[in-house]
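Please walk through the fold shown here, beginning with its strands and moving on to its charged pairs and its empty spaces.

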Amino acid sequence: MNWTSVEPIISEDAALAIIDEFFPSAHSHVPFGRGDDCAEIVTSGQLALSTDFFWQDSHFKTKYFLPEEVGAKALTVAVSDLAAAGAVPLGFSLGLMLPAALGAEQLREIMKGMSSVASEFSMALSGGDLSKGRSLGFCITVWGQSISPDNPVFLKRAQGKQGDLIFMVGETGQALAGRQLLEASGRSAIKTFPELAKAHLAPKALVSEGQTLARLVAGGLEIGAMDLSDGLIRDLPRLLGKHGAELSLSEFPVSPHLEKYANMSGRHSHEMMLVGGEDYALVGTCRTTDWLTILGSLPNAVVLGRVCSTPGVYLMGRPVNLQGFDHFASKESLPCPEKK
């Protein structure tokens, strides 16, 4: 399925009918269904809530994304915030801007991809809004509840103290490499570097892993966490607040796919891992005495370094002068430096 339109979307009601094909109106979480000005949501206890934009040419490009992939990733990146909170996903509201050139079949594919993610986490679509616009865009608000509604526990940032370990669950740098490959050669990159291309086109929200960390917090461990969307170099200061990060590159797990691409393109794999965004790994802090407990529950977790007293990100005591992703930077994205 490509982006060529054959059957136009003739009205707002026609667009809503397509959405209804993939999302049932009634749900145990939204028992009265969609259609009123406001949805009535049934739940108990505190909720975690987050909103994300997913905009054409800013977050995705139709020259190498398929419509189904766009729909799936749009919801996935929002659900990743719930993963970072250790929450159980419940539902979402969808704001959708549709360009005139988008056809009915493309909208069906977008909804197919989105519904596959919603079904994975049993999420209800409560409603939202539709608008015509110059490009395709999504505004998605997701919410979820604590793993223990009677005693709410959510993961938070800025929990680390000096000397605590900084750890990561998941990969970093691969989505950046995948985007660079897709920009250079389109979807043919899927054949040459399938793992890297998939990291950008079809990331996964680490919901189960986030809930595991939340259970450990409920058991008494001190853990801070967030998801990795703008790169370690930008997100670590957000995670650590008034503290800084002293990283150890020797402990960074470099995937063989990323290493191969870095060698071929004349780049540093570790630098790509520092600046790369959109991997949606979970990065966290914990006491050194709790590390083996975390590792026992999440065997794929790795130590990245330690929390230090001085704000910033450091290697061997020196500040790291690299840039991560920033929507307001002068360039669309900042590539990692090439080898000299």
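A residue is called buried when its relative accessible area is under 20%, exposed when that area is over 50%, and partly exposed in between. The model under discussion is a predicted one, and the burial values below are computed from its atoms.

With that cut-off in hand, strand β5, which covers residues 165-169, is a convenient place to begin: five of its five residues are buried, so β5 is largely enclosed by the rest of the structure. The enclosure concerns both faces of the strand, since L165, F167 and V169 on one side are buried, as are I166 and M168 on the other. Strands of a sheet pair through backbone hydrogen bonds, either parallel or antiparallel. In the case of β5, the pairing with strand β8 (residues 282-286) is antiparallel and extends over five bridges, with V169 standing opposite L282 of β8. Strand β9, residues 302-308, also runs antiparallel to β5 and is joined to β5 by four bridges; here F167 is the residue that stands opposite V303.

Earlier in the chain, four strands make up an open sheet in the order β1-β4-β2-β3, and their pairing is mixed. Strands β1 and β3, the latter spanning residues 124-133, form the edges of this sheet, each of them pairing on one side only. From one strand to the next, the twist averages 15 degrees. Within the sheet, β2 (residues 88-99) and β4 (residues 137-145) run antiparallel and are joined by nine bridges, and V88 has Q145 of β4 as its bridge partner.

A residue from helix α2 offers a view of packing between separate stretches of chain. A83 is found in that helix and is buried, with a relative accessible area of 0%. The C-alpha atoms of A83 and F154 are 9.9 Å apart in space, although the two residues are 71 apart in sequence.

The charged side chains come next, and the structure holds 13 salt bridges. In one of these, E21 is joined to R108, with 3.5 Å between the closest N and O atoms. Because E21 lies in helix α1 (residues 12-22) and R108 in helix α3 (residues 104-120), the pair ties together parts that are 87 residues apart in sequence. E21 has a relative accessibility of 48% and therefore counts as partly exposed. R108 also forms a salt bridge with E105, again described by a closest N and O separation of 3.5 Å. R108 and E105 are three residues apart in helix α3, so about one helical turn separates them, and E105 is partly exposed, with a relative accessible area of 31%. Through salt bridges that share partners, E7, E21, E105 and R108 are joined into one network.

Another salt bridge involves K63 and E183, whose closest N and O atoms are 3.2 Å apart. This pair links distant parts of the chain, 120 residues apart, as K63 is in the loop between β1 (47-55) and α2 (67-85), while E183 is in helix α4 (residues 174-185). The two partners fall into separate accessibility classes: K63, at 55%, counts as exposed, whereas E183, at 25%, counts as partly exposed.

What remains is the space that the atoms leave empty. Rolling a probe the size of a water molecule over the atoms shows where empty space is left. The count comes to one cavity of 30 Å³ or more, and about 40 Å³ of space lies in the largest cavity. Its lining is made by V30, F32, G33, D36, C38, A39 and E40, residues that divide into four nonpolar, one polar and two charged.

The second largest pocket, by contrast an open space, has a volume of about 400 Å³. Its lining comprises 19 residues, of which L16, R34, G127, G128 and D129 lie nearest the centre of the pocket. Helix α1 and strands β2 and β3 each supply at least two residues of this lining, and β3 gives the most, with six residues. In character the lining divides into eight nonpolar, five polar and six charged residues. The strand β3 that contributes these six residues is also one of the edge strands of the open sheet, pairing on one side only.

Definitions and conventions: Residues are numbered from 1 along each chain as its sequence is written. This is a predicted model: local features need pLDDT of at least 70, side-chain atom pairs count only at pLDDT 80 or more; totals for chains, interfaces and linings use all residues. Side-chain values use heavy atoms; hydrogens and water are left out. On a 1 Å grid over the protein atoms alone, a cavity is a set of points where a 1.4 Å probe fits but cannot get out, and a pocket is an open set with protein on both sides within 12 Å along at least five of seven lines; lining residues have an atom within 4 Å of a point. Grid points are joined across faces, edges and corners, and a volume is the space filled by probe spheres set on the points. Ala, Val, Leu, Ile, Met, Phe, Trp, Tyr, Cys and Pro count as nonpolar, Asp, Glu, Lys and Arg as charged, and the others, Gly among them, as polar. A salt bridge is a side-chain nitrogen of Lys or Arg within 4 Å of a carboxyl oxygen of Asp or Glu. Buried means under 20% relative accessible area, exposed over 50%, partly exposed in between (1.4 Å probe, protein chains only). Two strands pair if DSSP finds at least two bridges between them. Axes are lines fitted to C-alpha atoms, for helices over the stretch in contact, and angles run from 0 to 180 degrees between N-to-C directions.
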